[in-house]
Structure formats: C-alpha cells, structure tokens
Amino acid sequence: GGEKSALQFDGKNDLVATQSLGLTGQYTFEYWIKSPKNFNYAWNSNEIQSGWLQSGIRTTNYTCTEFNVEHFGNGASSSTSWAITNFCDNEWHHFVLTYDGISKANLFVNGISLGEKNISPPVWQNRNCSFFNFSNSQTSYFVDEIRVSNAVRYTENFTPQTTPFVRDEFTKLLLHFDENGDDPRNTGKAIDDSGNGNHGTITGA
C-alpha cells in the first residue's frame, strides 16, 4: 500500500460498491488498510454478494482487535471470529480471508495465518457487493489493492506482495485505486482491473 495510489476515506458514510462477482464456492478476499491510532472502528462491513444479508459473506471489524466473518443464505447464517493484534497504528497492514468452499475459513494478517476455523457455506446469489461500509468512524483512513478471487490463494504463511496485483484466471475483482490521477472522468469511480468489468462507485473518499 501507498498513499499516492490508495483510496483515502473521510470516515463518514464510506462505501465502495460493485455489481455481483459471480462467486460460487472457494474465495480469497484481500486488501491493504492503514488506520490511525485514534481510529473509531465502530462499524466496518464488507458484504460480498450479500444483498441485505440474504446471501453471500460479510466481514466486520467492530474494534481494531477483532475480525469477524459471517456466511448467509436461505434465512440462516454461520459466523466465526479471530482476535487480532491492534492494527490501528498508522501503519499499512495486509488482510486476507480465504474459504475452501466446504467448511474452512482462514485469516492471514500481514502474511501470518491466525488459524483455520469452521464455518457453514454461504448461499451465492446474483447480488451487488459493498466494501468498507463504515458507519461514521469520524476518522480518515486509507485502503488499497482490494482483490477478490474464486480460489484459495494462500494455504500457509507468506510475504505480502507490496507491488500492485496482476490479474489472472482466478481474479474476480481487482481495485488498485490509482485510476483517478488527472482524469476527472473517473472521479467517484472504482475501476476494476480483473478483466471482468466489475467497475464500482466510491462514496466518502
């Protein structure tokens, strides 16, 4: 991550919204984030094909020391959480959530696995997605390199890539947040570099 090409949110009604990603089983959801030491993590919700929690997955951070994932479908949900080291320290941190398509989820923070946990499968439907849906955190923060894949990319500890991701056959969504530059036509837009055309919109940045 780096501030020059990252997305800076203002901490008030923040949101990146995209269309359905067409996920059906395995997935990897990853991103870089930089939060200040006084960050108020009252509510952070990433909903991938959830459509008002009717299907798909949701990850949340109620605090700077907990990561939660919920799988939804057919009126039911399954969830699990990990305790994490406080990452609101004004430094860049890499988060990865993987799911094997059957029953196992794994969280990696800065390339270190915090252990597999059991979770029931989600029910995928053709619904829109939202990322970093913060509810009035009142504090500016940075997000960079959101990537969603339809495969498990990591199974053991690794060194996070610090250069921009390059699309491959498993990439469903890839947001670099470096497209605005001097081009006013891209203001308020999240340009998908996965090759799937899953472009989105940005609010609160």
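**Salt bridges, strands and cores in the predicted model**

With a relative accessibility of 23%, R153 counts as partly exposed, since a residue is called buried only under 20% and exposed over 50%. The structure described here is a predicted model. R153 takes part in a salt bridge with D168, in which the N to O distance between the side chains is 2.7 Å. Both residues lie in the loop between strand 12 (141–149) and strand 13 (171–175), and the pair therefore ties together parts that are 15 residues apart in sequence. The partner D168 has a relative accessibility of 28%, so D168 also counts as partly exposed.

D168 has a further side-chain partner: a polar contact of 2.9 Å joins D168 to T171. T171 belongs to strand 13. Because the relative accessible area of T171 is 3%, this residue is buried. When neighbours within four places in sequence are left aside, T171 is in contact with R147, V148, S149, R153, S194 and N196. R153 thus appears both as the salt-bridge partner of D168 and among the contacts of T171.

In total, the structure holds 4 salt bridges. One of them joins E70 and R58, whose closest N and O atoms are 2.5 Å apart. This pair links distant parts of the chain, with E70 in strand 6 (residues 66–73) and R58 in strand 5 (residues 55–60), 12 residues apart. Both E70 and R58 are buried.

Another salt bridge is formed by D193 and R167, with 2.8 Å between the closest N and O atoms. D193 is located in the loop between strand 14 (189–190) and strand 15 (200–203), while R167 is located in the loop between strand 12 and strand 13; the two residues are 26 apart, and the pair links distant parts of the chain. With 25% relative accessibility, D193 counts as partly exposed. R167 is likewise partly exposed, at 44% relative accessibility.

The protein contains 15 strands and 0 helices. Strand 9 (residues 104–109) pairs with strand 10 (residues 112–118) in the antiparallel sense, over 5 bridges. N106 stands opposite E116, a residue of strand 10. The hairpin of these strands has 2 residues between them, and N110 takes a positive phi near 55 degrees there.

Of the 205 residues in the protein, 52% are buried. The accessible surface comes to about 9200 Å², and 45% of it belongs to carbon and sulfur atoms. Among contacts between residues at least 6 apart in sequence, 64% join residues at least 24 apart.

In soluble globular proteins, nonpolar side chains tend to be buried together. The largest nonpolar core in this model has 37 residues, and those with the most contacts inside it are I48, F95, F131, I146 and F177. Two or more residues of this core come from each of strand 3 (27–34), strand 6, strand 8 (92–99), strand 9, strand 11 (129–134), strand 12 and strand 13. Apart from this core lies another, of 6 residues, among them V96, Y154, F165 and L174.

F131, one of the residues with the most contacts inside the largest core, can serve as an example. Leaving aside neighbours within four places in sequence, F131 is in contact with L15, V16, T18, L21, F29, S45, N46, I48, I146, V148 and L173. V148 is also listed among the contacts of T171.

Note on methods. Residues numbered from 1 in each chain as written. Predicted model: local features only at pLDDT ≥ 70, side-chain atom pairs only at ≥ 80, totals over all residues. Heavy atoms only, no water. Helix = DSSP H or I, 4+ residues; strand = E, 2+ residues; numbered from the N terminus. Buried < 20%, exposed > 50% of the residue type's maximum accessible area, 1.4 Å probe, protein only. Pairing = 2+ DSSP bridges. Contact = heavy atoms within 4.5 Å. Areas by Shrake-Rupley, 256 points an atom, 1.4 Å probe, with all protein chains shown as cover. Polar contact = N/O pair within 3.5 Å; in protein donor to acceptor, adjacent residues only side chain to side chain. Core = buried A, V, L, I, M, F, W, Y, C linked by side-chain atoms within 4.5 Å.
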